[in-house]
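Thanks for coming, everyone. I'll put the sequence and the structure up, and then we'll walk through it together.

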Amino acid sequence: MNILGLMQSAHYLIMNALLYPVMGLLLFLVVAVLFISGNFVSEFVYRRKRHPGGDRHCEKLAGRVSKNILQAQHEAAAEKVKDYLEESIGQSRSMRDFLTDFARLVADGRDNLEIRAEKVLQQYEIRTSEALDKSRVMIRIGPMLGLMGTLIPMGPALLALTKGDLTQMANGLIIAFGTTVSGLTIGVLAYVISVARERWYAQDMRDMEYIVDLTLGNIDRHTQSAGNGQEPGATVLPMARG
């Protein structure tokens, strides 16, 4: 019994069985990365409209919201956030969703505001990570499938070469080179998108945390000043997060 021959035949069958699934997955990923690229270009154009001075606008918003909260005017504080949302241009979708949730938070009152705000921030961190996971997976999976699509048809192509069947060999090489190009294209586009979006989403998270820290810091400072009988001063800046 030729064990080596059986193992070789088994691997050959597995290799041939994987060819069509690999090619299908590559085609699916090419379509997916083109769709993601379209969304990426649209998001890039939209973000280009963003006005400078974002930190200054965040400070103004936090000052107005904290003032209304201290006066127990929670609905008015929520309206301030909604007005800022309507007036802002170039805000990302995640930032707009956060401002909507933040308006709901301040409308629900001051009780446990810090805990509820921290939970919302954590939810957006998870959402951001999930959004980046798609392109991160494509960065690795695309070239891997491209390599598989290159190696799988090379076996039959070499076998056809030994038999003098140049047509079958040429077809195998066409598949090998085509899958290589497809896999590398997926990896390159996904990498560019991932790098840019990581920077964008990090900026969004920084703005979210800045608004929350400023609002809570202003409330705490005014509360302490009122307790000590002192006149409140300027807007407090948030402490750096660890």
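So, from the N terminus on, in what order do the elements of the protein chain run? Reading along, you get α-α-α-α-α-α. That's six helices and zero strands. Before I go on, please keep in mind that this is a predicted model. The protein chain has 242 residues, and 36% of them count as buried.

Let's start with α1, residues 3-47. α1 has 45 residues, and from its first C-alpha to its last it reaches 62 Å, which is close to the 66 Å expected at 1.5 Å a residue. Have a look at Leu19, please: there's a kink of about 30° in α1 there, shortly before the proline Pro21. Leu19 is also on the list of buried residues in α1, and that list includes Val22, Leu26, Leu29, Ala32 and Val33. Further along α1, Ile36, Ser37 and Phe40 are buried too, and among the charged ones so are Glu43 and Arg47. Hold on to Glu43, because we'll meet that residue again at the pocket.

Next, a quick stop at α2 and α3. α2 covers residues 54-70, and Ile69 lies in that helix. Is Ile69 buried or exposed? Buried: the relative accessibility of Ile69 is 3%, and the cut-off for buried is under 20%. What I like here is the contact across the chain: Ile69 and Thr215 are 146 residues apart along the chain, yet their C-alpha atoms are separated by 9.3 Å.

Over in α3, residues 74-87, we have Val81. Val81 comes in at 1% relative accessibility, so it counts as buried. From Val81 to Leu61 you go 20 residues in sequence, and 7.0 Å in space, C-alpha to C-alpha.

Now α4, residues 93-107. How far apart are the end C-alpha atoms of α4? They are 21 Å apart, and that agrees with the 21 Å that 15 residues should span at 1.5 Å a residue. A good part of the α4 list of buried residues is hydrophobic-looking on the screen, so let me just read it out: Ser94, Met95, Phe98, Leu99, Asp101, Phe102, Ala103, Leu105 and Val106.

After α4 the backbone does a couple of things to point out. Just after the helix, Gly109 takes a positive phi of about 110°. Then, in the loop between α4 and α5, there's Asn112. Phi of Asn112 is near 55°, again a positive value, and this time in a residue other than glycine. Most residues other than glycine have a negative phi. As for its surroundings, Asn112 is exposed, with a relative accessible area of 52%.

On to α5, residues 113-163. α5 has 51 residues, which should span 75 Å at 1.5 Å a residue, and its end C-alpha atoms are 76 Å apart, so the two agree. Where is the kink in α5 centred? On Asp133, with a bend of about 30°. Just after α5, Gly164 takes a positive phi of about 80°.

A word on the record. UniProt, in an unreviewed entry, places the feature "transmembrane region" at residues 20-41, 137-161 and 173-196. In this model, residues 137-161 are 100% helix and 0% strand, with end C-alpha atoms 36 Å apart. Residues 173-196 are likewise 100% helix and 0% strand, and there the end C-alpha atoms lie 35 Å apart.

Last topic, the largest pocket. Its volume is about 680 Å³. Which residues lie nearest its centre? Glu43, Arg93, Ala131, Arg197 and Tyr201, out of a lining of 20 residues. α1, α4, α5 and α6 each supply at least two residues of that lining, and α1 gives the most, with seven. By type, the lining divides into six nonpolar, seven polar and seven charged residues.

Let me finish on one of those central residues, Arg197, which lies in helix α6. Arg197 is buried, with a relative accessible area of 11%. The C-alpha atoms of Arg197 and Ser135 are separated by 9.6 Å, although the two residues are 62 residues apart along the chain. That's my tour, and I'm happy to go back to any part of it.

Notes: Residues are numbered from 1 along each chain as its sequence is written. This is a predicted model: local features need pLDDT of at least 70, side-chain atom pairs count only at pLDDT 80 or more; totals for chains, interfaces and linings use all residues. Side-chain values use heavy atoms; hydrogens and water are left out. Helices (H or I, at least four residues) and strands (E, at least two) are DSSP runs, numbered from the N terminus. The expected span of a helix is 1.5 Å times one less than its number of residues. Buried means under 20% relative accessible area, exposed over 50%, partly exposed in between (1.4 Å probe, protein chains only). On a 1 Å grid over the protein atoms alone, a cavity is a set of points where a 1.4 Å probe fits but cannot get out, and a pocket is an open set with protein on both sides within 12 Å along at least five of seven lines; lining residues have an atom within 4 Å of a point. Grid points are joined across faces, edges and corners, and a volume is the space filled by probe spheres set on the points. UniProt positions are given in the numbering used here, feature names are shortened, and annotations may be inferred rather than shown by experiment. The bend at a residue is the angle between axes fitted to the seven residues ending there and the seven starting there.
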